[in-house]
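Work through the exercises below with the structure open beside you, and try each task before you read its solution.

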Amino acid sequence: MLTIENLYKSFGKLVAVNDFNLHVKEGETAVLMGPSGCGKSTMIRMINRLIEPDSGTICVSGTEVTKLDLEGLRRVRKRIGFVFQQFNLVGRLTAVENVMLGLVMDGIPRDAAYDKAMKALEKVGLEKRAQHKSAEMSGGQQQRVGIARALAFEPDLMLWDEPTASLDPILVREVLVIMEDLAKYRASSMLVVTHEISFAIHVADRIVLMDKGSIVEEGMPEDVFGHPASHIGQQYKELIEYQQITNARTLNSKNIA
Ligand SMILES: Nc1ncnc2c1ncn2[C@@H]1O[C@H](COP(=O)(O)OP(=O)(O)O)[C@@H](O)[C@H]1O
Ligand SMILES: [Mg+2]
């Protein structure tokens, strides 16, 4: 579905992505994790060439993205949904208008675009809010509109770059629930950059750990977090154990009180 081979990108002297290789299967959800600055955003943005790679190849559904001219790239980008940390909605437009925008610009007649947009809003549980101005919605709802905007194109591949990172903690859950549903449904392959460990453990088919531009470890969540082979993996394991202890303590103190 998605195959990345020998991908490389530097900014001046800094090597941001270094000989990166990854394969994501049809319907699979891969979660990419690693410390800030390790090259996750650079890597994921190269997949639809928001950032141009220096070298390497990227194939999406059999199309070699790295070889496409602008017209070809425009076509393949429609097959790839991208959800960013920043929602970038048009605040004065309603939810459904925001979702329709890309479809109409793509030449889809307004009526058909409206139907597709409403269907996408249903998938994120916002059909009743379709006529609300996006500026008046909560951050969680705005990000759900952002997700609907990507889903409206019925993409083969969904890319997520820290979709919950700019949300208040209490709004994170509603977005993770939608993501979990989409992963379960397996309508598209998903590559998710996130620091949400619990999501990674429960939803990922595969965890990919990255450090300093390269993959240091990959495997099923229980292997990577249970028996890590890398230093980064070990750090995640300790973090999970720490969280489990803290959760247990909180529950215990509640029982006593
Ligand atoms: N446009 C750019 N120009 C120069 N350096 C950049 C640029 N974009 C990213 N970097 C650098 O590349 C490295 C990887 O960044 P990034 O991919 O954003 O990491 P992550 O998403 O894992 O936090 C960082 O050291 C960052 O400062
Ligand atoms: Mg990033």
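The exercises that follow concern a predicted model, and they treat a sheet and then a ligand site.

**Exercise 1.** Find the order of the strands in the open sheet, and decide which strands lie at its edges.

*Solution.* Begin by tracing the six strands of the open sheet, which follow one another in the order 6-7-8-3-9-10 with mixed pairing. Next, look for strands that pair on one side only, and you arrive at strand 6 (80–83) and strand 10 (214–219) as the edge strands. Then take the edge formed by strand 10, where strand 9 (residues 206–211) pairs with strand 10 in the antiparallel sense over five bridges; Val208, for example, has Glu218 in strand 10 as its bridge partner. Finally, add helix 6 (residues 169–185), which lies across strand 3 (29–33), strand 7 (157–161) and strand 8 (189–193) and runs at about 145° to strand 8.

**Exercise 2.** Determine which polar atoms of Cys38, Lys40 and Thr42 lie close to oxygen atoms of ligand 1, taking 3.5 Å as the limit for a polar contact.

*Solution.* Start with Cys38, where a polar backbone atom is 3.2 Å from an oxygen atom of ligand 1. Continue with the side chains: a polar atom of Lys40 lies 2.8 Å from a ligand oxygen, and one of Thr42 lies 2.5 Å from a ligand oxygen. The protein buries 57% of the 560 Å² that ligand 1 exposes when taken alone.

**Exercise 3.** Establish which element gives the most residues to the shell around ligand 1, and sort the shell by class.

*Solution.* First, note that strand 2 (14–24) and helix 1 (40–47) are the elements that give two or more residues. Of the elements, helix 1 gives the most, with three residues. By class, the shell then divides into five nonpolar, five polar and one charged residues.

How values were computed:
Residues are numbered from 1 along each chain as its sequence is written. Chains are lettered from A and ligands numbered from 1 in the order in which they are written. This is a predicted model: local features need pLDDT of at least 70, side-chain atom pairs count only at pLDDT 80 or more; totals for chains, interfaces and linings use all residues. Side-chain values use heavy atoms; hydrogens and water are left out. Two strands pair if DSSP finds at least two bridges between them. Helices (H or I, at least four residues) and strands (E, at least two) are DSSP runs, numbered from the N terminus. Contact means heavy atoms within 4.5 Å. Axes are lines fitted to C-alpha atoms, for helices over the stretch in contact, and angles run from 0 to 180 degrees between N-to-C directions. A polar contact is a pair of N or O atoms within 3.5 Å; within protein, one must be able to donate a hydrogen and the other to accept it, and residues adjacent in sequence count only if both atoms are side-chain atoms. Accessible areas come from the Shrake-Rupley method with a 1.4 Å probe; for residues, only the protein chains shown count as cover. Ala, Val, Leu, Ile, Met, Phe, Trp, Tyr, Cys and Pro count as nonpolar, Asp, Glu, Lys and Arg as charged, and the others, Gly among them, as polar.
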